[in-house]
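Let us take a friendly walk through a structure that may be new to you. Have a look at the picture first, and then read on.

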Amino acid sequence: MPSAIFTIGRSGLTASRLSLELTAQNVANAANPDYSRRSLTQSELVMTGNIGIGASADSLGGVRPGVVVRAESALVQRQARDTSSGLAAAETEFFAMREAESALETSGLFTGLVAFEAALTRLEGNPLEPALRLSALESVRTMAANFRVADSTLANARSLVQDEAAAMVPDINELAAELAKVNRDLVASREGTAGRAALLDARDKALRGLAEEFGIAATINANGTADVTIDAAPPVALVTGGVAASVNLAFAADGTLAFDIGGTAFAPTGGAMAGRAAALDQMVGLQTGVDSLAASVIAIANTAQSAGVDTDGNPGQPLLSGTSAADIDVALASANGLATAPAGAPAGSRDTGNLAALLASLGAATGPAAGADTLLLGLSSRVSALDTRREGLGIVAASAEGELLRATGVDLDTEAANLVRLQQAFEANSRVIQVATELFDTLLGLR
Amino acid sequence: MSFISNSAGSFFNRSLAQMADLRAGIERQQTQIATGVRIERGSDDPAAAAQLRSIARREALAGVEGDNAAQLDQDLGAASTELEAVTALLQRARELAVQAANDPTGVDGRQAIAFELEQLSEELFTRANATSLTGEPLFAGLSSGTAFTRDGLGNVIYTGTPASGAVPVAPGTVIDRGLPGNAVFEFVSGGTPTSAFAVLGGLAAALGGGSPDPAGAANAALEGIDAALDTAGRAQTIIGTRMAWVDQVQQQQDTRGVALAERRSRIGDTDIAEAIARLQQSLTALEASQAAFTRVSSLSLFDALR
């Protein structure tokens with residue numbers, strides 16, 4: 001039957017044209033990171049020509065274009081999401097802590113303390129020289145100012161992290177709402193259509209976006225919808241079917257982050273938010289460290305002052321005022337007030353006994369200079385360790401990303417080969433129709 | 001149909017990451033060469049940064065200690081100069097006393113000697129109250145006032161403190177700033193505590209007519225003058241020893257300064273030769289990987305199909 005040849009040729013033409021369209025779509029989306037490559041299933045079409053027992057051979061019907069299949073690998077997707085959560089956590093924490101490191105290193109906390117110590121040592125050489133006394137007092141002023149700079153730059157680093165966290169919360173809620181909408185649309189979508197494939201792309205994109213900010217556990221249901229639970233203590237549901245919850249963020253008095261969903265507080269364990277929370281927790285420790293350093297300098301200086309007498313033989317007055325890095329300041333009005341001589345020394349004594357005691361407590365192994373050094377060493381070691389971890393996780397995340405792209409991405413070489421193959425198939429099918437036409441013409445031309 | 005596909009996206013991602021790594025390395029090396037410092041921030045090398053901080057502190061303190069030592073050297077030098085003059089002065093007084101003890105010296109002669117001794121006594125008083133270049137008294141111990149004062153009766157009294165302070169010139173090393181005046185001008189002669197001022201003043205008064213036996217008084221004063229000379233000589237020796245000590249400490253400071261600088265350089269400075277070689281290596285690698293990227297990225301089947 002020449003008409004069957006027509007039908008077969010036409011079905012082949014349709015199938016190869018549809019496949020060509022999909023190939024073109026794949027090539028067009030080669031640079032789209034959220035796109036998963038598509039392919040078309042095909043099945044042979046066979047028709048039964050007559051009714052009855054002992055029927056003759058089946059008649060052939062050509063090919064039937066099947067459904068659009070989206071390359072998918074739930075495992076690889078999940079791996080990519082989890083590693084990107086881990087990387088985002090390490091990276092955010094690293095950058096935040098590096099900010100804090102810069103803040104403390106450039107504030108001159110340590111150099112200020114050393115300059116103070118050096119000025120006092122110089123004063124020991126000639127304790128009554130007014131220029132030396134003045135320079136010692138000025139070095140105290142500089143040191144106090146450096147403490148205040150450290151305090152404000154640390155506060156600045158903290159508020160940068162807080163602002164970033166606050167700015168990301170609407171994004172997260174937006175992504176969750178989007179995922180809920182995609183879930184609703186997926187329920188209504190028909191299996192094997194290009195529209196459904198596009199919805200699944202949108203679903204995976206939203207999941208990846210969420211995983212950047214929070215470590216998530218995603219459950220992919222049979223109908224393609226995704227339920228999301230945030231990895232946290234305790235785990236909280238973010239998206240359930242078509243309903244998305246909303247994440248709230250608050251700042252505690254010490255600057256740390258407090259998350260809740262519908263009143264249930266949770267502490268995230270992965271993603272950029274966990275990195276920010278961890279960095280802010282450590283900044284609390286840094287702030288305490290800087291404050292206690294300032295307090296110890298104030299205590300040491302004022303204790304030494306009270307144990308000595310100034311140039312006029314009067315008991316020494318407090319050198320520093322304040323209780324923390326934020327409010328440390330010079331309290332002494334005049335350089336003559338520096339109590340270099342021990343108690344009981346007459347006016348104008350060149351005795352440096354009290355100054356030596358002050359220097360000894362400043363330079364002691366438990367003194368502020370050593371404390372500042374320990375604080376900086378601890379911080380830079382932490383940043384260095386975070387950098388190493390970030391690098392390691394970066395490699396893991398990159399390989400998971402590569403794995404995902406291999407599983408779902410577009411390979412231009414394959415597409416080019418497909419293009420040639422499908423073009424040939426299309427031409428071959430049109431040739432089939434041409435042959436059918438000729439056969440038909442031959443039949444019509446019989447005389 | 002299953003075959004290994006190499007996604008175009010993953011190839012571009014990989015190439016970009018590799019080139020970004022190389023570029024970051026080159027920038028870092030360039031900064032190291034430009035600043036001469038290997039460690040840009042503490043986290044680059046926490047242990048080395050901590051060492052650098054401790055070296056910076058040591059260097060700051062060593063600089064100050066060096067200044068202290070130089071000033072101490074000056075002060076001790078000034079005290080030594082004064083003591084030399086005091087010794088010469090006491091020797092002259094001794095000559096005068098010997099002269100006065102000789103009977104042939106007449107009344108006029110003794111008057112002249114008494115007059116000169118008074119002048120010498122004045123000079124001694126001035127020298128005992130000499131100050132350093134920075135205006136601090138040299139022989140007043142810890143006091144900043146004058147070392148010796150005259151009371152209403154004209155007696156010279158030591159008003160300084162019996163100890164002089166010490167100056168830190170190196171970690172753990174303190175050197176006394178000078179000698180207190182009582183150790184330089186006061187002594188025990190013939191069992192009684194007295195001072196150079198008392199001896200000279202007493203002799204001058206005796207020779208000026210205060211004594212019926214001026215020659216005997218001069219003879220008796222010789223013992224006191226000798227004791228004064230002894231005391232001044234001893235003080236001179238002590239000061240000289242301390243100056244030698246300060247010199248030695250200064251030399252040690254120089255050596256230590258060089259050692260500290262070397263250490264700092266070894267820990268924190270860029271090894272220029274190595275950095276430049278590494279920079280060249282990275283540049284070559286970057287250029288090569290850029291060239292490779294251009295070649296490989298054009299290796300698409302699309303380019304082959306015409």
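The paragraphs below go from the outline of one chain to its contacts, and then to the cores and a few local details.

Please keep in mind that this is a predicted model. A good place to begin is chain B, which contains eight helices and six strands. If you follow its sequence from start to end, the elements come in the pattern α-α-α-β-β-β-β-α-β-β-α-α-α-α. The globule rule gives 19 Å for 306 residues, but the radius of gyration of chain B is 39 Å, well over that value, so chain B is more spread out than a compact globule. The box filled by its C-alpha atoms, taken along the principal axes, is roughly 140 × 30 × 25 Å. Of the 306 residues in chain B, 32% count as buried. Contacts in this chain often bridge long stretches of sequence: among those between residues at least 6 apart, 68% join residues at least 24 apart.

Now turn to the place where the two chains meet. Here 46 residues of chain A are in contact with 40 residues of chain B. On the chain B side, the elements giving two or more residues are α1 (8–35), α2 (46–101), β3 (166–170) and α8 (301–304). Which of them gives the most? That is α2(B), with 15 residues. Sorted by class, the chain B side has 17 polar, 16 nonpolar and seven charged residues.

Next, look inside. In soluble globular proteins, nonpolar side chains tend to be buried together. The largest nonpolar core in this model has 106 residues, and those touching the most other members are A:Ala100, A:Leu154, A:Ala176, A:Leu179 and A:Leu210. Helix α4 (residues 130–188) of chain A gives the most to this core, namely 20 residues. Leaving aside residues up to four places away in sequence, A:Leu210 touches A:Ile172, A:Leu175, A:Ala176, A:Ile216 and A:Val228. A second, separate core has 50 residues, including B:Leu89, B:Ala100, B:Phe148 and B:Val246.

Two details of chain A round off the tour. Helix α3 (residues 109–125) has 17 residues and spans 25 Å from its first C-alpha to its last, close to the expected 24 Å. This helix, α3(A), is mostly covered, with 16 of its 17 residues buried.

The other detail concerns the backbone. Most peptide bonds are trans. The bond from A:Ala233 to A:Pro234, however, is cis, with omega near -10°. You will find A:Pro234 in the loop of chain A between β5 (232–233) and β6 (236–240).

How values were computed: Residues are numbered from 1 along each chain as its sequence is written. Chains are lettered from A and ligands numbered from 1 in the order in which they are written. This is a predicted model: local features need pLDDT of at least 70, side-chain atom pairs count only at pLDDT 80 or more; totals for chains, interfaces and linings use all residues. Helices (H or I, at least four residues) and strands (E, at least two) are DSSP runs, numbered from the N terminus. Two residues are in contact if their C-beta atoms, placed from the backbone, lie within 7 Å. Ala, Val, Leu, Ile, Met, Phe, Trp, Tyr, Cys and Pro count as nonpolar, Asp, Glu, Lys and Arg as charged, and the others, Gly among them, as polar. A nonpolar core is a set of buried Ala, Val, Leu, Ile, Met, Phe, Trp, Tyr and Cys residues joined through C-beta atoms within 7 Å. A residue is buried if 20 or more other C-beta atoms lie within 10 Å of its own, exposed if 12 or fewer, and partly exposed in between; C-beta atoms are placed from the backbone. The expected span of a helix is 1.5 Å times one less than its number of residues. The radius of gyration is taken over C-alpha atoms; the globule rule is 2.2 Å times the number of residues to the power 0.38.
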